Protein chains: 2
Amino acid sequence: MELRHLRYFIAVAEEGNVTAAAEKRLHTAQPSLSRQLRDLEVEIGASLFTRGARGVELTDAGRAFLAHARVSVREASEAVQAARRAARPPKPVFSVGFLTGQGTGSPASLGCYEASCRR
Amino acid sequence: MELRHLRYFIAVAEEGNVTAAAEKRLHTAQPSLSRQLRDLEVEIGASLFTRGARGVELTDAGRAFLAHARVSVREASEAVQAARRAARPPKPVFSVGFLTGQGTGSPASLGCYEASCRR
DNA sequence: TGGCCTTACGTATGACGTAAGGATG
DNA sequence: CATCCTTACGTCATACGTAAGGCCA
């Protein structure tokens, strides 16, 4: 079982229709999607949908599966986001130095502004 | 990105060693595992490990990724368990009927014991 | 130089698209 | 009979194993 199966399953569960899910959401051929659903059900050992002439409907097992599948897919996506955030280089800082007190007779002194980069 | 990538990554992160993870936990060839890790890093766009002569070590991005990856894999597994539980047929009941009052002169009456099946 | 990771390459598993078939209202 | 799902099949992507190469103590 792979994330692809979960993504496919979720799309079909939400559309209630294999054909529509294939075309509108997954941009794949419908028979291929049907095949993946069947593979998933075989691996689990339970039917996730009841097939009718108007589309598909979730079984009890399908509803139970859906809740966890959504979390799994969301966490996988979160993992990527979190890794990308963590990999960002430390905030760059833009520094500007300047001299004050020029031409006043008193000794010049050094000033500095630092601007942190907004992410 | 598929669950396989997450499972591979977790095994390597926990072993701290690609070779050991391949042989002891994933039962696959080590170069193949290396390749999958690289693919994962490319897709994420960040390094997850620092490679050294003694093995691999997680980067900050790797640690951030690991936490979510574990949840994702666990939920996928939970989804299967939950679906299988929900698909179980309703508890079977074993019923025994019997007649009482036989041979007492009074009319017989029907009794019944039911035993539910322990799961 | 020995352990560990990577690159290179041939093989094969399986995911996909197209076409045809069956079921249901 | 129109809609939707399934089966069948050829093609192609890619995951895997084997072999060779590079890197660092």
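A residue is counted as near a DNA strand if one of its heavy atoms lies within 4 Å of that strand. With this rule in hand, the reader may examine the structure above, which is a predicted model. By that rule, 19 residues surround DNA strand D. The closest of them are Thr19(A), Gln30(A), Ser34(A) and Arg51(A), together with Tyr8(B).

Which parts of the two protein chains supply the surface near DNA strand D? At least two residues each come from helix H2 (18-26), H3 and strand E2 (55-58) of chain A, and likewise from helix H1 (3-15) and H3 of chain B. The largest share, 4 residues, belongs to H3(A). Sorted by class, this surface has 8 nonpolar, 8 polar and 3 charged residues. On the DNA side, sugar and phosphate make up 74% of the atoms of strand D that come within 4 Å of the protein.

Individual contacts with the phosphates of strand D can also be located. In Thr19(A), a polar side-chain atom lies 2.6 Å from a phosphate oxygen of DNA strand D. Val18(A) instead places a backbone N or O atom 2.9 Å from a phosphate oxygen of this strand. Chain B takes part as well: an N or O atom in the side chain of Ser32(B) is 3.1 Å from a phosphate oxygen of DNA strand D.

Attention may now turn to DNA strand C. Here 19 residues surround the strand, and the closest are Tyr8(A), Thr19(B), Gln30(B), Ser34(B) and Arg51(B). Of the atoms of strand C that come within 4 Å of the protein, sugar and phosphate account for 73%. Three side chains illustrate contacts with phosphate oxygens of strand C. Arg51(B) has a side-chain N or O atom 2.5 Å from such an oxygen, Thr19(B) has a polar side-chain atom at 2.6 Å from one, and for Asn17(B) the corresponding distance is 3.4 Å. The elements that give two or more residues to the surface near strand C are H1 and H3 of chain A, along with helix H2 (18-26), helix H3 (30-44) and strand E2 (55-58) of chain B. H3(B) provides the largest share of this surface, with 4 residues. By class, the residues near strand C divide into 8 nonpolar, 8 polar and 3 charged.

The remaining subject is the interface between the two protein chains. The size of an interface is often expressed as the accessible area lost when the parts come together. For chain A and chain B, the area buried between them is about 2300 Å², with 66% of it on carbon and sulfur atoms. In terms of residues, 28 of chain A are in contact with 28 of chain B.

What polar and charged pairings occur between the chains? There are 13 residue pairs in polar contact between chain A and chain B, with both residues at pLDDT 80 or more. The interface also contains 3 salt bridges. One salt bridge joins the side chains of Arg4(A) and Glu2(B), with a distance of 3.5 Å from N to O.

Which elements of chain A form its side of this interface? Two or more residues each come from helix H1 (3-15), helix H3 (30-44) and helix H4 (60-87) of chain A. H4(A) gives the largest share, 18 residues. By class, the residues of chain A that touch chain B comprise 18 nonpolar, 2 polar and 8 charged.

Technical notes: Residues are numbered from 1 along each chain as its sequence is written. Chains are lettered from A and ligands numbered from 1 in the order in which they are written. This is a predicted model: local features need pLDDT of at least 70, side-chain atom pairs count only at pLDDT 80 or more; totals for chains, interfaces and linings use all residues. Side-chain values use heavy atoms; hydrogens and water are left out. Contact means heavy atoms within 4.5 Å. Buried area is the accessible area (1.4 Å probe) that two parts lose on being put together, summed over both. A salt bridge is a side-chain nitrogen of Lys or Arg within 4 Å of a carboxyl oxygen of Asp or Glu. A polar contact is a pair of N or O atoms within 3.5 Å; within protein, one must be able to donate a hydrogen and the other to accept it, and residues adjacent in sequence count only if both atoms are side-chain atoms. Ala, Val, Leu, Ile, Met, Phe, Trp, Tyr, Cys and Pro count as nonpolar, Asp, Glu, Lys and Arg as charged, and the others, Gly among them, as polar.
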